[in-house]
Amino acid sequence: MIIHTPTTEAQACAVVKSVIDSATPLTLRGGGTRAGLGRPAQAASTLSSAGLTGITLYEPAEMVIAARAGTPLALVQETLAERGQMLPFEPMDHRALYGTEGEPTIGAVAACNISGPRRINAGAARDSLIGIRMINGRGEMIKSGGRVMKNVTGLDLVKLVSGSHGTLGFLTEVTFRVLPKPAEIVTLQWRGLSDAQGVALLSNALGSPFEPMAAAHLPAGLAGEEAVTLLRLENFPDSIAYRAGELALLLGEYGVPDRLEGEDMAALWRDIRDAAFFAGTGEAVWRLSLKPTDGAKVAAAIGRMLPGARWFYDWGGGLLWLAAPADGDAGAAAIRTALKPLGGHATLVRAPDAVRAAVAVFQPLAEPLMRVTAGIKKSFDPAGIFEPGRMYAGI
C-alpha cells in the first residue's frame, strides 16, 4: 500500500489532485488507533496526517486551541492541563477496544466526533469544534469557522464534517473551544440495582438541578459481582458537597450511595469511556443510541435473542454499549429488530472485517436521507476518492 505523508497543506492538495484523474481511492489515517471503525477500507493508498503536527494557536484567556490534524491528542491535553484547562467532551481512546497502538490524533477526534461520558452534559466533540481547515475531493483547501467564538462564519459546515469519518475531506487543522478543569471530582455510587432501577435513578438525577457531569450503570458481573450505578459530580468542593447531599435525598429510595474519589474512580470512568470491559475478546461491539427509558427493555430483548450478550449504559442510559457474538447478519438483525419499534440507532464499532463488510455498520438510512447523504458526498468529493464505502455501501 502507498502511504502519502504530506507535511504541508500544499503537499496534501497535490496528493489529492494527483489521484483525481485516475480515481484512485484514498483511505485517511491519523494515528492508526481506530482502524476498525466503519466498514473496511476499500482503497489501495493512504493519506496520512502524521506529518501535520503542532499546536498553531492557544489562547488560554479566550479558551481556544488550534492544532494541525496529526497532532497527538495527548499533547493537546497536556498543553491544556498546564493552564488548568481541558477539552470539554472527554474523548474516547479506542486502543484498548481495538488492540491497536499508536497515538490518537486531534484530527481524528474531530473527523469521527469522538466523545466520552461528559457528552451528556458538555456536548459532543462537534459541539466544541469551532473551526477547520480541510482538503476537499477537488484538491482545494477549505477554511470554515473561526478561531474565536465571535467569528464562526461557516460553522454549520464545521458541524457537518465532524462525524463524517473522512468521507468528505482530509482535515489539516482543527480549532476547539476549551473549558477550565474542575477543582474536584467525586462519584456517587449505588450498588445492586437492576438495569431498570439504575436507569431510572440516572434519569431522576439528570432531570434535577444538581448537574451530574456523567451518569452510567454497569450490570452485575461487568466491573464486579454487584451492579453499580454512578453519578459523577464536578466543580468546587462546596458545590459538590451541596449537590451530593441533595442528590442523596432526592434518590433516597435507591439506598445510601458510596462516595468514590481518586485514581480508582478515575480508572473506572476511563474504562466506561473506552468500553474497556470488552477489550481483548472476539465479540462484536455495538453502540446503541436510544431513549434512556427504553434502554433496559432493548437490552433484555437482545439478551433473549443473543445469549451471552453483555452490555452497560452510559449517557444516563441513552448510550447502550453491547458486546455480542460476532455472527454477522444474525446479530445485526436481532439488534436492529429490537430497536426498530422504539427508534434509536445501532452502530457496529468492532467486528472482524468479513462481518463489517457484510452488514450495515451504521444505521441504515431511509431512502430520502440516503439521497441527501449521497448528494453531500458528491458535492465534496465528486470523484469519490475519499474513503469509498466507509460509512455506507456505495457512498
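**Exercise 1.** In this predicted model, find which residues phenylalanine 278 touches, leaving out those up to four places away in sequence.

*Solution.* Start with the residues that come before it in the numbering: Leu97 and Leu222 are both touched by Phe278. Next, move further along the chain, where its contacts include Val285, Arg310, Trp311 and Phe312. Finish with Trp321, Leu322, Ala323 and Arg350. Now place Phe278 in its wider setting: the largest nonpolar core has 51 residues, and Phe278 and Trp321 touch the most other members. Helix H4 (residues 106–112) gives this core its largest share, five residues. Another core, of 32 residues, lies apart from it and includes Trp286, Leu306, Ala338 and Ile395.

**Exercise 2.** Decide whether arginine 273 is buried or exposed.

*Solution.* First locate Arg273: it sits in helix H10 (residues 262–274). Then take its relative accessibility, 18%. Buried means under 20%, so arginine 273 counts as buried. Lastly, look at its surroundings: leaving out residues up to four places away in sequence, Arg273 touches Glu90, Pro91, Met92, Asp93, Gly116 and Pro117.

**Exercise 3.** Work out how helix H11 (residues 295–305) and helix H12 (residues 329–339) are arranged.

*Solution.* Begin with the axes, which come within 9 Å and cross at roughly 150°. Angles over 145 degrees count as roughly antiparallel, so H11 is roughly antiparallel to H12. The crossing is right-handed. Then list the contact: H11 brings Val298, Ala301, Ile302 and Met305, while H12 brings Ala334, Ile335, Ala338 and Leu339. Sorted by class, these are eight nonpolar, no polar and no charged residues.

Note on methods. Residues numbered from 1 in each chain as written. Predicted model: local features only at pLDDT ≥ 70, side-chain atom pairs only at ≥ 80, totals over all residues. Heavy atoms only, no water. Axes fitted to C-alpha atoms, helices over the stretch in contact; angles between N-to-C directions. Helix = DSSP H or I, 4+ residues; strand = E, 2+ residues; numbered from the N terminus. Parallel < 35°, antiparallel > 145°, perpendicular 65-115°, else oblique. Left-handed = near helix turned anticlockwise from the far one by under 90°. Contact = heavy atoms within 4.5 Å. Nonpolar A, V, L, I, M, F, W, Y, C, P; charged D, E, K, R; others polar. Core = buried A, V, L, I, M, F, W, Y, C linked by side-chain atoms within 4.5 Å. Buried < 20%, exposed > 50% of the residue type's maximum accessible area, 1.4 Å probe, protein only.
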